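Me: Please explain how the terms used for a protein structure are justified, one step at a time. I should like each name to be set against its rule.

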Amino acid sequence: MALTDDQPVTSMDEIRRRQGMPFDEFCAKHPWWEWTESRLARRMIDAQGRAWVPMWEPDPGVGICYDPEITPEAEANLSEVLRRLDEDLAAGRARLYDLDELDDVED
């Protein structure tokens, strides 16, 4: 995968810190994975222009979920819930969200 103008170069130290897997290796291992725009934006690009998939978010200390059960619709719903949570926290409101409801996508 070639280096793009809109993605900055990520140092190998940072790629290792995020337990990066080469993008091509990830795609070969998970050919069913659906690459949405937001998922592609998580890629890291090294100095040689190779793409990497982060497998770990070290700051909050959680794994980045690459799960075939998380559909693009569920991912969009989760993003919306997190956006609302950020707004509530910034406004000084505490609010609980039931993340299990994200699985309940109506047909």
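Reply: Let us begin with a definition: a helix is a DSSP run of H or I with at least four residues, and a strand is a run of E with at least two, both numbered from the N terminus. Please note that the model shown is predicted.

Me: What does the secondary structure of the protein come to?

Reply: The protein has four helices and five strands. Along the sequence they follow the pattern α-β-α-α-β-β-β-β-α.

Me: How do you know that Arg-17 and Glu-14 are about one turn of the helix apart?

Reply: Both residues belong to helix H1, and three residues separate them in sequence, which corresponds to about one turn.

Me: Why is the link between Arg-17 and Glu-14 called a salt bridge?

Reply: The closest N and O atoms of Arg-17 and Glu-14 are 2.9 Å apart. The rule asks for a side-chain nitrogen of Lys or Arg within 4 Å of a carboxyl oxygen of Asp or Glu, so the name applies. Glu-14 and Arg-17 are also linked with Arg-18 in a network of salt bridges. A search of the whole structure finds seven salt bridges.

Me: What makes Arg-17 and Glu-14 partly exposed?

Reply: Partly exposed covers what lies between the buried class, under 20% relative accessible area, and the exposed class, over 50%. Arg-17 has a relative accessibility of 38%, and Glu-14 has 21%. Both values fall between the two cut-offs, so both residues are partly exposed.

Me: Which residue forms a salt bridge with Arg-16, and how is each of the two classed?

Reply: The side chain of Arg-16 meets that of Asp-13 in a salt bridge of 2.9 Å, N to O. Arg-16 and Asp-13 lie three residues apart in helix H1, about one helical turn. Arg-16 has a relative accessible area of 54%, which is over 50%, so Arg-16 is exposed. Asp-13 stands at 57%, so the same cut-off makes Asp-13 exposed.

Me: Are Arg-93 and Asp-88, which meet in a salt bridge, buried, partly exposed or exposed?

Reply: Arg-93 has a relative accessible area of 47%, so Arg-93 is partly exposed. Asp-88 has 5%, which is under 20%, so Asp-88 is buried. Their salt bridge is 2.9 Å, N to O.

Me: Why is the pair of Phe-26 and Trp-33 called edge-to-face?

Reply: A pair of aromatic rings is described by the distance of the centres and the angle of the planes. The count for this protein comes to five aromatic pairs. In the pair of Phe-26 and Trp-33, the centres lie 6.2 Å apart and the planes stand at 90°. The centres are within 6.5 Å and the angle is over 60 degrees, so the pair is edge-to-face. Phe-26 and Trp-35 also form an edge-to-face pair, with 5.5 Å centre to centre and 70° between the planes. Ring pairs join Phe-23, Phe-26, Trp-32, Trp-33 and Trp-35 into a cluster.

Me: How are Phe-26, Trp-33 and Trp-35 classed by accessible area?

Reply: Phe-26 is buried, with a relative accessible area of 0%. Trp-33 is buried as well, at 7%. Trp-35 has 21%, which is not under 20%, so Trp-35 is partly exposed.

Me: Why do strands S1 and S2 each have one side without a neighbour in the sheet?

Reply: The open sheet has three strands in the order S1-S3-S2, with antiparallel pairing. Strands S1 (21-22) and S2 (44-45) stand at the edges, each with a single partner strand, so one side of each lacks a neighbour in the sheet.

Me: How do you know that S2 and S3 pair?

Reply: Two bridges join S2 to strand S3 (residues 51-53). Pairing needs at least two bridges, so the rule is met. Trp-52 in S3 is the bridge partner of Met-44.

Me: What makes Thr-10 buried, and which residues does it touch?

Reply: Thr-10 has a relative accessibility of 14%, which is under 20%, so Thr-10 counts as buried. Thr-10 lies in the segment before helix H1 (12-17). Leaving aside residues up to four places away in sequence, Thr-10 touches Ile-15, Met-44, Ile-45, Asp-46 and Ala-47.

Notes
Residues are numbered from 1 along each chain as its sequence is written. This is a predicted model: local features need pLDDT of at least 70, side-chain atom pairs count only at pLDDT 80 or more; totals for chains, interfaces and linings use all residues. Side-chain values use heavy atoms; hydrogens and water are left out. Buried means under 20% relative accessible area, exposed over 50%, partly exposed in between (1.4 Å probe, protein chains only). Contact means heavy atoms within 4.5 Å. Rings of Phe, Tyr and Trp (its six-membered ring) pair if their centres lie within 6.5 Å; planes under 30 degrees apart count as stacked, over 60 as edge-to-face and the rest as tilted.
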